[in-house]
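Reader: I am new to this structure and would like to go through it. Could we begin once it is on the screen?

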Amino acid sequence: MSDHNGTNFLFRPTRTGAHGTIPPANERDRRRRWWDPIDIDQPNAARAHDFLLGGSHNGDADRRLARTVSDAYPGAVSLARANRAFLRHAVRHCVGNGITQLLELGAGLPTAGSVHEVAWTEDPSARVAYVDVEPVAVAYSRDLLGHTDQVTVTQADLRHPRAMLSSPGVADLLDFTRPVAVLLVGVLHFVSDSDQPAQILRTYRDALAPGSVLVVAQSSADYPEHPRLAEAIRAANSHYASTRTPGTLRSRAELIELLDGWELEPPGILDVARWERGRMHADPLGGYGAITRPLPAPVWAR
Ligand SMILES: C[S@@+](CC[C@H](N)C(=O)[O-])C[C@H]1O[C@@H](n2cnc3c(N)ncnc32)[C@H](O)[C@@H]1O
């Protein structure tokens, strides 16, 4: 989302000071249409994540949050990158196994190695529905993608699965009578226990055809053999507490419980740093990744 000079205008400085000047009133009014729904004075997880990944779609408040998180946990950038590497691995795995419909929930801002780019290297006919709750992530994704029949970007909340699944960007692109890969990477920790994440996952399971896949990466401080890592992750996570998306860390056991009704594909639940082939002994980074298949719902629950 750039103006004709290639400037990122959502985050172009507008106030008097070292970085810029107050724009004339009519320009302020023109911009207000863009700014109103987006409060860039509040740090936002999507945009802080973009900063950690080296992106430019972020404001001062987002950068402050990202730096505070990195100060508490210097591995934060590596964790963000490892999540993306795991996501790319999972996409190749799914599309390589014939699943050409993908639904990324909490997709974030566009970055190199996006799901559709990776999927198309395996099968150029693959379709990808991106969903995010954050308006800036959605606006930039739409702007970057331009027009393609195979990719949609929808602003929706994954905690309301029925509404999200029936939104045109999802329902018109994906055929839920055929297998779909649902990708929940780096977002489940923004779903608190009071949101009933197990129930949310059950709703997704019930919507999916046999042969579908659920890919999950969940932030965790459950590393008894690495107490300093665990402490740093807890400290970093505490900085999200005052944002609109506080983080919920989950232990490995809690993730297993959450995935009741889903069958783990080998090698099971691994730290995201270890998902790449040959990296089984890499130092953990603080997020568990799993690739799962829906088990049929028990008869009494149908
Ligand atoms: C840490 S980023 C992860 C981005 C990407 N999946 C990745 O792994 O690089 C988390 C994203 O989830 C989005 N998000 C948080 N809560 C959400 C919700 N309830 N529904 C949809 N998206 C959500 C945020 O806006 C943000 O873009």
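**Helices, a turn and the ligand**

Author: Gly 98 follows helix H4 (76-96) and has a positive phi, near 90°. Helices (H or I, at least four residues) and strands (E, at least two) are DSSP runs, numbered from the N terminus. This is a predicted model: local features need pLDDT of at least 70, side-chain atom pairs count only at pLDDT 80 or more, and totals for chains, interfaces and linings use all residues. Residues are numbered from 1 along each chain as its sequence is written.

Reader: How far apart are the end C-alpha atoms of H4?

Author: They are 30 Å apart, which agrees with the 30 Å that its 21 residues should span at 1.5 Å a residue; the expected span is 1.5 Å times one less than the number of residues.

Reader: And which residues of helix H5 are buried?

Author: In H5 (residues 115-122), Val 115, His 116, Val 118 and Ala 119 are buried, that is, 20 or more other C-beta atoms, placed from the backbone, lie within 10 Å of their own (exposed: 12 or fewer; partly exposed: in between). They lie on the same side of H5, because they cover an arc of only 160° around the axis, taken from the directions from the helix axis to the C-beta atoms.

Reader: Changing topic, where is Gln 196?

Author: Gln 196 is in the loop between strand E4 (181-185) and helix H9 (197-207). Its phi is positive, near 60°, although Gln 196 is not a glycine. Gln 196 counts as partly exposed, because it has 13 C-beta neighbours inside 10 Å.

Reader: What about the peptide bond from Pro 266 to Pro 267?

Author: That bond is cis, with omega near 5°.

Technical notes. Two residues are in contact if their C-beta atoms, placed from the backbone, lie within 7 Å.
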